[in-house]
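Colleague: I've got a few questions about this protein before I head back to the bench. Can we go through them together?

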Amino acid sequence: NKATVDQDGTDNTVKQTTYAPNSNSGQNVNAEQIGNTNLSNQTINAGYTNSFNSYQEGADNEVLQIMAANHSHGDVYQKGDDNYASQNFTGSNHPYNGSINIDQIGDDNVAYQTYTGGGLGASQKWDIWQEGDFNMATQISDGKGNDLDIYQLGDNNTAYQNASGTYDFAD
């Protein structure tokens with residue numbers, strides 16, 4: 001299944017939910033929003049090798065990604081000020097043929113990643129990239145084989161990481 005939404009304007013909301021029970025795979029959820037005060041809410045329950053992609057340009061935008069599946073990945077790109085992005089993944093062996101990223105360009109942005117689960121010899125790679133001032137990044141991981149990275153360019157930025165489990169790395 002593939003779900004794609006493109007929106008231009010202000011105060012838009014996208015809510016995308018897919019369900020892939022048992023061994024179903026390949027759910028792709030994509031949203032692009034240009035404008036201010038937009039919300040992208042993406043959820044995938046079950047399955048494996050699923051992907052999220054959310055792209056926003058403007059100010060005061062929000063992305064929420066919730067993945068309850070295995071071998072999956074998600075990407076958020078936000079350009080503008082006062083944006084918020086959250087990725088909450090459960091399962092194992094993330095990312096599969098991809099990554100779990102939040103990229104934010106602008107000031108006063110907030111990025112939040114949480115993960116619960118474990119890997120089977122594979123590393124779960126999580127990245128937050130922020131360019132600008134007064135940004136905040138948080139990564140919380142409870143599982144095996146996690147690699148957490150936060151990159152911040154600018155002034156007065158804050159970064160927080162908490163990894164519990166075995167074979168975890170944080171930069």
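Modeller: Sure. One definition to start: a residue is buried when its relative accessible area is under 20%, exposed when it is over 50%, and partly exposed in between. Keep in mind that this is a predicted model.

Colleague: Okay, is G145 buried or exposed?

Modeller: G145 sits in the loop between β12 (136-143) and β13. The cut-off for buried is under 20%. G145 has 10% relative accessibility, so G145 counts as buried.

Colleague: How far is G145 from K125 in space, C-alpha to C-alpha?

Modeller: In sequence, G145 and K125 are 20 residues apart. In space, the C-alpha to C-alpha distance between them is 8.6 Å.

Colleague: What about L153, which forms a nonpolar surface patch with W129 and Y151: how accessible is L153?

Modeller: L153 belongs to strand β13 (residues 146-153). Partly exposed covers the range between under 20% and over 50%. L153 is therefore partly exposed, with a relative accessible area of 46%.

Colleague: Which residues form the negative surface patch?

Modeller: One of them is in the loop between β5 (51-57) and β6 (62-70), namely D60. At 44% relative accessibility, D60 is partly exposed. The full patch is D60, D81, D82 and D108.

Colleague: And which element has the lowest mean pLDDT?

Modeller: For the protein, the mean pLDDT is 86, and 86% of its residues reach 70 or more. Where pLDDT is low, don't read the predicted coordinates in detail. Strand β9 (residues 100-105) has the highest mean, 95, and the lowest, 61, belongs to strand β15 (residues 169-170).

Key. Residues are numbered from 1 along each chain as its sequence is written. This is a predicted model: local features need pLDDT of at least 70, side-chain atom pairs count only at pLDDT 80 or more; totals for chains, interfaces and linings use all residues. Side-chain values use heavy atoms; hydrogens and water are left out. Patches are made of residues with over 30% relative accessible area and no salt bridge: like charges are joined within 9 Å, nonpolar side chains (Val, Leu, Ile, Met, Phe, Trp, Tyr) within 5 Å. Accessible areas come from the Shrake-Rupley method with a 1.4 Å probe; for residues, only the protein chains shown count as cover. A salt bridge is a side-chain nitrogen of Lys or Arg within 4 Å of a carboxyl oxygen of Asp or Glu. Lys and Arg count as positive and Asp and Glu as negative; His and the chain ends are not counted. The place of a charge is taken as NZ of Lys, CZ of Arg, CG of Asp or CD of Glu. Helices (H or I, at least four residues) and strands (E, at least two) are DSSP runs, numbered from the N terminus. Buried means under 20% relative accessible area, exposed over 50%, partly exposed in between (1.4 Å probe, protein chains only). pLDDT is the predictor's confidence in each residue, from 0 to 100.
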